[in-house]
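Open the model in your viewer and keep the selection tool ready. Each stop below names something to select and then says what is there.

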Amino acid sequence: MAPKRNNVIPNGHFHKDWQRMVKTWFNQPMRKKRRADNRVKKAAAVAPRPVAGLLRPIVRCPTVRYNTKLRAGRGFSLAELKGAEINKNQARSIGIAVDFRRINSDLASLQANVQRLKEYKTKLVLFPRHPKNPKKMDAKAEEIKMAQQLKTKEVMPVRNTERREKARKISDEEKKFRAFIVLRQARLNKKLNGQREKKRKEAEEKDK
């Protein structure tokens, strides 16, 4: 068919061994199967431990742009482990990631992660190394029989929850509020703070 309307005139160059440049993906179905098989092998190799690996703490993303979002961190701080009464040397052996460099900057994150560790301890089923000589935290025989391997992508995944405010009427104070004037006044107060303090001190000295 002849080309119609005001389009680019076809000018294809098909004498440049174009077949060599075409990328195919005929191995896609087999790769999918291979990945699935590898997941099954990994799960069998690490059983009865969780497939996802170690438990990670809840942390906030860096910078002002992303700090409203939560994500999984590298490892729990020593203060968090101490709050949950877990030995720092034993933590990794029971599936808890530890970050010796991390320091808690606020109390809220510390309490949230301590609570996360305590919840994890309640769900934890520890298989005894020596069945004849079980330790204090080791599970009983009935619990071991009921235990199932966790095959999710994350151990206790971190979820971001949105808080939506209910619709309401705008108050008279909010209508009168002028953000530009408030910000300008705050900037001026900060700028003139030094001069005002100096004048105040001079006035006090004169009164004496």
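Start with the salt bridges: this predicted model has nine of them.

Select D17 and R20 for one of these pairs. They form a salt bridge in which the closest N and O atoms are 3.1 Å apart. D17 has a relative accessible area of 40%, so it counts as partly exposed. R20 counts as exposed because its relative accessibility is 62%.

Next, select R102 and E80. Their side chains also meet in a salt bridge, with a distance of 3.0 Å from N to O. This pair links distant parts of the chain: R102 sits in the loop between α4 (88-91) and α5, E80 belongs to helix α3 (residues 78-83), and the two are 22 residues apart. Are these two residues buried or exposed? R102 has a relative accessible area of 19%, which means it is buried, as the cut-off for that word is under 20%. E80 is also buried, with a relative accessibility of 0%.

Now select K123 and E119. Their side chains meet in a salt bridge of 3.2 Å, N to O. Both residues lie in helix α5, four residues apart, which is about one turn of the helix. K123 counts as exposed at 52% relative accessibility, while E119 is partly exposed at 35%. To finish with the salt bridges, select E197, R200 and E204, which are joined into one network by salt bridges that share partners.

Go back to E80 and add N104 to the selection. N104 is in the loop between α4 and α5. It is buried, because its relative accessible area is 19%. Which side chains does the side chain of N104 meet in polar contacts? One polar contact, of 2.6 Å, joins the side chains of N104 and S77. Another joins the side chain of N104 to the side chain of E80, at 2.7 Å. E80 is therefore a residue to keep on screen: its side chain takes part in the salt bridge with R102 and in this polar contact with N104, and E80 counts as buried. To see what else N104 touches, show S77, A79, E80, S109 and L110; this list leaves out residues up to four places away in sequence.

The next stop is the largest nonpolar core, which has 15 residues. Select L55, L81, I86, I96 and L117, the residues with the most contacts inside this core. Helix α5 (residues 107-123) supplies the largest share of the core, three residues. In soluble globular proteins, nonpolar side chains tend to be buried together.

Keep L117 selected and show its surroundings. What is L117 in contact with, leaving aside its neighbours within four places in sequence? The contacts are L55, F76, E80, L81, A84, I86 and I96. E80 appears here too, in contact with L117.

For a nonpolar group on the surface, select F14, W18 and V22. These residues make a nonpolar surface patch of about 340 Å². F14 is found in the segment before α1 (28-46). F14 counts as exposed because its relative accessibility is 60%, and the word applies over 50%.

The following stops concern the backbone. Select A47 and P48: the peptide bond from A47 to P48 is cis, with omega near 5°. P48 is in the loop between α1 and β1 (58-60).

Then select R5, which has a positive phi of about 65° although it is not a glycine. R5 lies in the segment before α1, and it is exposed, with a relative accessible area of 73%. Move on to T63, where phi is also positive, at about 75°, although this residue is not a glycine. T63 is in helix α2 and counts as exposed at 54%.

For the last stop, select Y66, which is found in helix α2 (residues 63-66). Y66 is partly exposed, with a relative accessible area of 38%. Add H130 and draw a line between the two C-alpha atoms. How far apart are Y66 and H130 in sequence and in space? They are 64 residues apart in sequence and 47 Å apart in space, C-alpha to C-alpha.

Methods: Residues numbered from 1 in each chain as written. Predicted model: local features only at pLDDT ≥ 70, side-chain atom pairs only at ≥ 80, totals over all residues. Heavy atoms only, no water. Core = buried A, V, L, I, M, F, W, Y, C linked by side-chain atoms within 4.5 Å. Buried < 20%, exposed > 50% of the residue type's maximum accessible area, 1.4 Å probe, protein only. Contact = heavy atoms within 4.5 Å. Patch = residues over 30% accessible without salt bridge, like charges linked within 9 Å, V, L, I, M, F, W, Y side chains within 5 Å. Areas by Shrake-Rupley, 256 points an atom, 1.4 Å probe, with all protein chains shown as cover. Salt bridge = Lys/Arg side-chain N within 4 Å of Asp/Glu carboxyl O. Polar contact = N/O pair within 3.5 Å; in protein donor to acceptor, adjacent residues only side chain to side chain.
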